[in-house]
Amino acid sequence: MRRGRGQLSLSVVEAAVGVLLVVGVAAGFTVGVTPTPSAEPRLDALAHDTVTVLGSEPAAESDGARLVALARTQSSFEEVRGPTRDRIERLLPADTAFRVVTPHGAFGHPRPPGRVVGSATAPTRHGSVTVRVWYG
């Protein structure tokens, strides 16, 4: 007969395995669930790309880039507003909406409250131009 050697009962082993299983499932729910990726970085990238294109494309209606023409004067803004709106609609994906804010006015869709919005601002010597983009 051997002394000093213990033996666990089967019910204790089953209880330990059950506790480990419950803790593992609970940990899987709390740790394993990744948060939904935010749309904001993608929207910021779309707004930044839009500002970049507007800053590099010449305005057919005015001297200089579209971005500068939007900020230069009130008459220049009104002259390039329509073609710029059309250009931005062609640039952005169909499921997005936008708004452009300049020192002489704004155009695009009114921003809905509570939406995630991406934005980019470009300074010009006539003032800043801001493009805001969201999923519409």
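Arg87 is found in helix 4, and this residue offers a convenient point of entry into the structure, which is a predicted model. With a relative accessibility of 18%, Arg87 counts as buried, because the limit for that class is under 20%. Setting aside neighbours within four places in sequence, Arg87 is in contact with Val53, Glu57 and Arg66.

The surroundings of Arg87 may now be placed within the whole chain. The protein has 4 helices and 4 strands. Along the sequence these elements follow the pattern α-α-α-α-β-β-β-β. The radius of gyration is 29 Å, well over the 14 Å that the globule rule gives for 136 residues, so the protein is more spread out than a compact globule. The dimensions of the C-alpha trace can be read beside this value: along the principal axes, the trace spans about 105 × 25 × 20 Å.

Helix 1 covers residues 10-31, and Val22 lies within it. Val22 has a relative accessible area of 59%, and it is therefore classed as exposed, the limit being over 50%. A distance to helix 4 region residues can be illustrated by one pair: Val22 and Arg85 are 63 residues apart along the chain, and their C-alpha atoms are separated by 57 Å.The interior of the protein is the next topic. Buried residues make up 29% of the 136 residues. In soluble globular proteins, nonpolar side chains tend to be buried together. In this model, the largest nonpolar core has 22 residues, and those with the most contacts inside it are Leu70, Ile88, Phe98, Val100, Phe107, Val131 and Val133. At least two residues of this core are supplied by each of helix 2 (40-56), helix 3 (66-72), helix 4 (74-91), strand 1 (96-102), strand 3 (117-124) and strand 4 (127-135). Helix 2 provides the largest share, 5 residues.

Val131 shows what such a core residue has around it. Not counting residues up to four places away in sequence, Val131 touches Ala47, Thr50, Val51, Leu54, Arg99, Val100, Gly118, Ser119 and Ala120. Among these partners, Val100 is itself one of the residues with the most contacts inside the core. Contacts between distant parts of the sequence can also be described for the whole protein: of the contacts with a separation of 6 or more, 54% are between residues 24 or more positions apart.

Attention may now turn to the loop between helix 2 and helix 3, where Ala59 has its place. The relative accessibility of Ala59 is 7%, so this residue counts as buried. Apart from neighbours within four places in sequence, Ala59 is in contact with Gly64, Ala65, Arg66, Ala69 and Val80. Arg66 is thus listed as a contact of Ala59, and Arg66 is also in contact with Arg87, the residue at which this account began. From Ala59 to Leu70 there are 11 residues in sequence and 9.5 Å in space, taken from C-alpha to C-alpha.

Helix 4 contains two further residues that may be set side by side, Ser76 and Glu79. Ser76 has a relative accessibility of 5% and therefore counts as buried. Glu79, by contrast, has a relative accessible area of 41%, so it is partly exposed. Leaving out residues up to four places away in sequence, Ser76 touches Ser62 and Ala69, while Glu79 touches Glu61 and Ser62. Ser62 therefore appears as a partner of both residues, which count as buried and partly exposed respectively. Glu79 and Trp134 are 55 residues apart along the chain, and 26 Å separates their C-alpha atoms.

Strand 2 comprises residues 105-108, and Gly105 is found there. At 27% relative accessibility, Gly105 counts as partly exposed, because this value lies between the limits of 20% and 50%. Beyond its neighbours within four places in sequence, Gly105 is in contact with Phe77 and Val100. The C-alpha atoms of Gly105 and Ala39 are separated by 27 Å, with their positions 66 residues apart along the chain.

The outer surface and the charges complete the description. The accessible surface of the protein comes to about 8,900 Å², and carbon and sulfur atoms account for 58% of it. There are 15 positive and 12 negative side chains, and the centres of these two sets lie 12 Å apart.

Key:
Residues numbered from 1 in each chain as written. Predicted model: local features only at pLDDT ≥ 70, side-chain atom pairs only at ≥ 80, totals over all residues. Heavy atoms only, no water. Rg over C-alpha atoms; globule rule 2.2 N^0.38 Å. Buried < 20%, exposed > 50% of the residue type's maximum accessible area, 1.4 Å probe, protein only. Contact = heavy atoms within 4.5 Å. Areas by Shrake-Rupley, 256 points an atom, 1.4 Å probe, with all protein chains shown as cover. Lys, Arg positive; Asp, Glu negative; His and termini not counted. Charge placed at Lys NZ, Arg CZ, Asp CG, Glu CD. Core = buried A, V, L, I, M, F, W, Y, C linked by side-chain atoms within 4.5 Å.
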